[in-house]
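Me: I would like to learn how to read burial, contacts and cores from a set of coordinates. Can we work through one case together?

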Amino acid sequence: MSSANVTSIIQQARTRNRQLLTEVEAKAALGATGISVSETRLARSREEALTHAQALGFPVVLKICSPDIIHKSDVGGVALNLRAPETVAQAFDTMMTFARQSHPTATIDGVSVQPMATAGLEVIVGVTHDPLFGPVVMFGLGGVFVEILKDVTFRLAPLTPRDARAMIREIKGFALLSGYRGQPAVDLAALERLLLQVSALIEAQPDIKELDLNPVFAYPTGCLAVDARIILHQTTPPTGSRPLSATTRAALDRAFNPRAVAVIGDKRAMNYLWLRSQSTFQGKVYSVQIDERELPGIAALGVPNYPSLAAIPDEIDYVMTAVPRQIAPRIVADCAAKKVAGVMFFTSGFSEIGDDEGKRLEQAMVDTARAANMALIGPNCMGLYHPRIGLRNYAELPAGEAGTVGFIAQSGTHSITFSLAAPHHGIKISKAVSFGNAAVLDASDYLDYLAADAETQSIGMYLEGVREGRRFFSLLREVTPKKPVVIWKGGMTEAGKRAISSHTGSLAVPATVWTSMVHQAGAIPAETFDELLDTMKLLQFVKPTTKTGVGLIAMSGGPSVVITDAFESAGLAVPLLSEASYQELSSFFTVIGGSFRNPLDSGHTIGMGQTSDNLERLLSLLERDPNIDAIVMDSGAGLVAGQWQSHPKTLEGLLDTLTNFAARSTKPFLVVLQPFDREAALLQVREQFHARGLATFATHQRAARALRLATDYWRFHAEKSDR
């Protein structure tokens, strides 16, 4: 049977106004793609059932065949292990009678007859349709594992061979598939092929909304789908997604790199937030304000004020707006008439609050902006930040220096706090945007823009949702091999989903689907603000590795224990060193009050980091050791911060040693600066480390988690490029 036959089966169901294929139809469609299914024949009468049973061979299985009955077992519509003609005849009569009584209006085609399959290890393969991301393929163990333990994995279709392999190995019950307590391993290659065949079917037949193969029997050789269900979309879903047009890209580029900006509606009550933020802007700044009470304050800032945007005697590239929501559509129209490239709205009270008036106002803004090919940013946002040219969206942000890290956020607060915190961790921002409700431009548009931005080498994101899930996924897959993308997703819990609905009006996504999508696209998932910040920092300062062996240096016994726990708990390894390393260590390491197994409890040997010769020997030894892939040093900062303050040259000597080592090492090198009660004293110290290009972390756990996330990223893309 060819793919044309699959299309014919679907078209026949559509002509009969059916969305549910019968099991016979579903298996015929699956068989056409090469999927191994149990041979299934339709019997419309008792005589046909007997004929099919004898032809297929006993024992057999009978199932009610009806496009109107989804759950066959609930109506007594399944009879197993029928071993004789009389039991087949009795089962047929009973099944048909009960189905007609329980579902008098249902169309009943008859019963399906199939051989009783040899039992294997039960797995389940399915496809569901996510409203944002489209078809999602699912794999898991069958029976209690899927019903109670929810031991399943997901990937967006279409799958790659790598995706199929990863899905199978991610489930918690993988040991059952690979052989357990004397049981033979199942044919993993056959399961991988099955997932790829299902993915190909869904890609070729977008009419399919849901597909359920449950159970599939996995054997030492091959696998067999013994039950199948296919549900069609009510109408064929649209395909394709909207790319960032050249016109929109040009508008964003003008907005991010303006020569002249205007601020509409700034007030004393806001401490002239927007006008003060532009005090560092290298271009021209204008104000639009008609409230005479505000004019003296604006004049005091040295900013020329005009009664309207049209009255400004200059071309305006970017507009920042803080006005009541009722006025917002008129402002957008004024911007369109002025041929402004981009306008942001701090104003809130639109679609995110759910009232009809807010939705109407936002739609009016959208219609005008799209007609004018204008970049509407927000509303309900803080807008754009470009430090190099001094374009800011908060008055305390640094300006005047170029950076390499782009940041995209739905939350204005998270955008500002990341931009404020980043410089204290050695991270310099290239461009950042807070985009709120995403009425016109969504996360995908800004990701597309920063992907092509020459200044930006890595991208961080805080998202609550996306409007075009499939486009976002495709972009991530395209961008992540070239630029790391770290994503902190809000609204991963049920309560969090309610919160994002009222914050930015974003559509919630199941956490399992979102997490699978991020991994599949090769991006990096962050669970917290600190994790996002730490991972971005590590990516900027640290050399890559695809392996997990970590060499640890600590100053005393207690920290040696807990740093080991932290890195092992993060999924990294703390291996024994090579025999050659132990022989070298025995020649100089002070074992009294210390240990050199790994971690290296080395406070006595290196004088808490002050004996540079021995520290250099330890670091070089770990660099040469074949079992070690990354090196982490807990500096004992909380204990020696006072010494560093009173004897700055001690710190300078340590920094020289570590900087020289990090520069010549081929392995990732991280430093833990745990402040304990010396947080204030270590702020400046931390910045000195970062100025030398050394990545520091406040706790063992944060260092371990960041290294694990980055290593997973590097390995993912290294394996992909090797294929």
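Me: Where does Asp-151 sit?
Reply: Start with the local element. Asp-151 is in the loop between α5 (144–147) and β7. Keep in mind that this is a predicted model.

Me: Is Asp-151 buried or exposed?
Reply: Compare the relative accessible area with the cut-off. Buried means under 20%. Asp-151 has 5%, so Asp-151 counts as buried.

Me: Which residues does Asp-151 touch, beyond its neighbours within four places in sequence?
Reply: The contacts are Phe-139, Gly-140, Leu-141, Phe-145, Val-146, Ile-171, Lys-172 and Gly-173. For a longer view, take Ala-523, 372 residues away along the chain. The C-alpha atoms of Asp-151 and Ala-523 are separated by 23 Å.

Me: What is the relative accessible area of Thr-321?
Reply: It is 0%, and Thr-321 is buried. This residue lies in strand β14 (residues 318–321). Leaving aside neighbours within four places, Thr-321 contacts Ile-264, Ile-331, Val-343, Met-344, Phe-345, Phe-346 and Thr-347.

Me: How do I read a residue in between, such as Arg-46?
Reply: Partly exposed covers values between the buried and exposed cut-offs, 20% and 50%. Arg-46 has 36%, so it is partly exposed. Its place is in helix α3 (residues 46–56). Outside its neighbours within four places in sequence, Arg-46 meets Ala-89, Phe-92 and Asp-93. Glu-478 is 432 residues from Arg-46 in sequence, and 57 Å away in space, C-alpha to C-alpha.

Me: Now the exposed end of the scale. What is the case of Leu-80?
Reply: Leu-80 has 54% relative accessibility and counts as exposed. It belongs to strand β3 (residues 78–82). Val-78, Leu-80 and Met-116 form a nonpolar patch on the surface. Together they have about 230 Å² of accessible area.

Me: What is the general idea behind a nonpolar core?
Reply: In soluble globular proteins, nonpolar side chains tend to be buried together. Here the largest nonpolar core has 134 residues. Those with the most contacts inside it are Phe-418, Leu-447, Met-461, Phe-472, Ile-487 and Phe-567. Helix α27 (residues 700–722) gives the largest share of this core, 8 residues. Another core, of 42 residues, lies apart from it. Its members include Ile-35, Val-123, Leu-159 and Ala-225.

Me: Which residues does Met-461 touch?
Reply: Skip residues up to four places away in sequence. Met-461 then touches Phe-407, Ile-408, Ala-443, Leu-447, Phe-472, Val-485, Val-486, Ile-487, Trp-488 and Leu-532.

Me: Which residues of helix α16 are buried?
Reply: In α16 (residues 469–479) they are Gly-469, Arg-471, Phe-472, Phe-473, Leu-475, Leu-476 and Val-479. Next, look for the cover. For the buried residues of α16 it includes β7 (152–156), α15 (443–451), β20 (458–463), β21 (485–489) and α18 (511–521).

Me: How many helices and strands does the protein have?
Reply: There are 27 helices and 28 strands. The protein is divided into domain 1 (39–116), domain 2 (121–232), domain 3 (246–539) and domain 4 (543–719). The centres of domain 1 and domain 2 are 27 Å apart, taken over C-alpha atoms.

Me: Which global numbers close the picture?
Reply: Take extent, burial and contact range. The C-alpha trace spans about 95 × 80 × 35 Å along its principal axes. Of the 723 residues, 55% count as buried. Among contacts with a separation of 6 or more, 71% join residues 24 or more positions apart. The accessible surface comes to about 29,800 Å², and 53% of it belongs to carbon and sulfur atoms.

Key: Residues numbered from 1 in each chain as written. Predicted model: local features only at pLDDT ≥ 70, side-chain atom pairs only at ≥ 80, totals over all residues. Heavy atoms only, no water. Domains from an automatic or database assignment. Patch = residues over 30% accessible without salt bridge, like charges linked within 9 Å, V, L, I, M, F, W, Y side chains within 5 Å. Areas by Shrake-Rupley, 256 points an atom, 1.4 Å probe, with all protein chains shown as cover. Salt bridge = Lys/Arg side-chain N within 4 Å of Asp/Glu carboxyl O. Helix = DSSP H or I, 4+ residues; strand = E, 2+ residues; numbered from the N terminus. Buried < 20%, exposed > 50% of the residue type's maximum accessible area, 1.4 Å probe, protein only. Core = buried A, V, L, I, M, F, W, Y, C linked by side-chain atoms within 4.5 Å. Contact = heavy atoms within 4.5 Å.
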